[in-house]
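Here is a note to read alongside the structure. The points are numbered, and each one can be checked by eye.

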Amino acid sequence: MPRTTDGDGTPVPQRLLAAATRLFAEQGYDRTSVQEIVEAAGVTKGALYHYFGSKDDLLHEVYARVLRLQQERLDAFADADEPVEKRVRDAAADVVVTTIDNLDDASIFFRSMHQLSPEKNKQVRAERRRYHERFRALIEEGQRTGVFTRDTPADLVVDYHFGSIHHLSTWYRPDGPLSPQEVADHLADLLLRALRP
């Protein structure tokens, strides 16, 4: 049975994911070998295969962990006892911050999603669809209640906002002039301006 932690208490699955994320970001998924991942994580191939069935599983988990976090946070915002405009703004800003906080994961995913197995690709698409549908439901709630304009279909509003987010990894730099929260505030405000009657 492989050790579950290293000397500082970091669980082996987290060490493997951290090593895979760094290597996938630096070299690309297809140019990173399983051997390089296990060497960087300081474990054996047996340990990797104990926790992850394949390199494909690691790629899936790189993205899935961020999406799980974002889904939990979106659900909390959507269920909050707040006006719909505040819930939409909070959710719209949060997805920007959590994407920037996990920029390597996001860029790896958008660069490498096509390399997932068909089954994993389908699973990821379903998870993303669930997230987008929950976000769209908030927009539709605002449109139904007259808080937001109905001029633009909710689907297009969602695509507009997430299109901006999917491009963050191409231009955002941690040492740039805007903090993650400032970028989030600007993009959330742009979205709300587009939604107001």
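**Notes on the fold and its helix contacts**

1. Start with residues 10–70. Over this stretch the chain is 77% helix and 0% strand. The C-alpha atoms at its two ends are 23 Å apart. In UniProt, an unreviewed entry gives residues 10–70 the annotation "domain: HTH tetR-type". Keep in mind that this is a predicted model.

2. A shorter stretch carries a second label. The UniProt feature "DNA-binding region", also from an unreviewed entry, is placed at residues 33–52. Here the chain is 75% helix and 0% strand. The end C-alpha atoms of residues 33–52 are 14 Å apart.

3. Now the whole chain. It has ten helices and zero strands. From the N terminus on, the order of elements reads α-α-α-α-α-α-α-α-α-α. Along the principal axes, the C-alpha atoms fill a box of roughly 60 × 35 × 30 Å. The chain has 197 residues, and 45% of them are buried. Take the contacts with a separation of 6 or more: 68% of these join residues 24 or more positions apart.

4. Which way does H4 run against H5? Roughly antiparallel. Their axes come within 9 Å and cross at roughly 165 degrees. An angle over 145 degrees counts as roughly antiparallel, so H4 and H5 earn that description. The crossing of H4 and H5 is right-handed.

5. The residues at this contact can be picked out one by one. H4 supplies Leu 69, Gln 70, Arg 73, Leu 74, Phe 77 and Ala 78. H5 supplies Arg 87, Asp 90, Ala 91, Asp 94, Val 95, Thr 98 and Thr 99. By class, the contact of H4 with H5 has six nonpolar, three polar and four charged residues.

6. Thr 98 deserves a look of its own. Is Thr 98 buried or exposed? The cut-off for buried is under 20% relative accessible area. Thr 98 has 5%, so it is buried. Thr 98 is found in helix H5, residues 84–101. Leaving out residues up to four places away in sequence, Thr 98 touches Leu 69, Gln 70 and Arg 73.

7. H5 also packs against H8, which spans residues 154–166. The angle is about 20 degrees, and the axes are 10 Å apart. H5 is therefore roughly parallel to H8. The crossing of H5 and H8 is right-handed. On the H5 side are Ala 92, Val 95, Val 96 and Thr 99. They meet His 161, Phe 162 and Ile 165 in H8. By class, the contact of H5 with H8 has five nonpolar, two polar and no charged residues.

8. Return to H4, residues 55–79, and follow its packing with H6, residues 103–112. The angle is about 130 degrees, with the axes 9 Å apart. H4 and H6 are therefore oblique to each other. H4 passes H6 in a left-handed crossing. Leu 59, Val 62, Tyr 63, Arg 65 and Val 66 of H4 make the contact with Asp 105, Ile 108, Phe 109 and Ser 112 of H6. By class, the contact of H4 with H6 has six nonpolar, one polar and two charged residues.

9. Leu 59 lies in helix H4. Its relative accessibility is 2%, so Leu 59 counts as buried. What does Leu 59 touch, not counting residues up to four places away in sequence? The partners are Phe 24, Tyr 29, Ile 108, Ser 112 and Leu 116. Leu 59 and Met 113 are 54 residues apart in sequence, yet 8.2 Å apart in space, C-alpha to C-alpha.

10. Why is H6 described as largely enclosed by the rest of the structure? Seven of its ten residues are buried, so the description follows. The buried residues of H6 are Leu 103, Asp 105, Ala 106, Ser 107, Ile 108, Phe 109 and Ser 112. They pack against helix H1 (12–27), H4, H5, helix H7 (118–144) and helix H9 (168–171).

How values were computed
Residues numbered from 1 in each chain as written. Predicted model: local features only at pLDDT ≥ 70, side-chain atom pairs only at ≥ 80, totals over all residues. Heavy atoms only, no water. Axes fitted to C-alpha atoms, helices over the stretch in contact; angles between N-to-C directions. Helix = DSSP H or I, 4+ residues; strand = E, 2+ residues; numbered from the N terminus. Parallel < 35°, antiparallel > 145°, perpendicular 65-115°, else oblique. Left-handed = near helix turned anticlockwise from the far one by under 90°. Contact = heavy atoms within 4.5 Å. Nonpolar A, V, L, I, M, F, W, Y, C, P; charged D, E, K, R; others polar. UniProt positions renumbered as here; feature names shortened; annotations may be inferred. Buried < 20%, exposed > 50% of the residue type's maximum accessible area, 1.4 Å probe, protein only.
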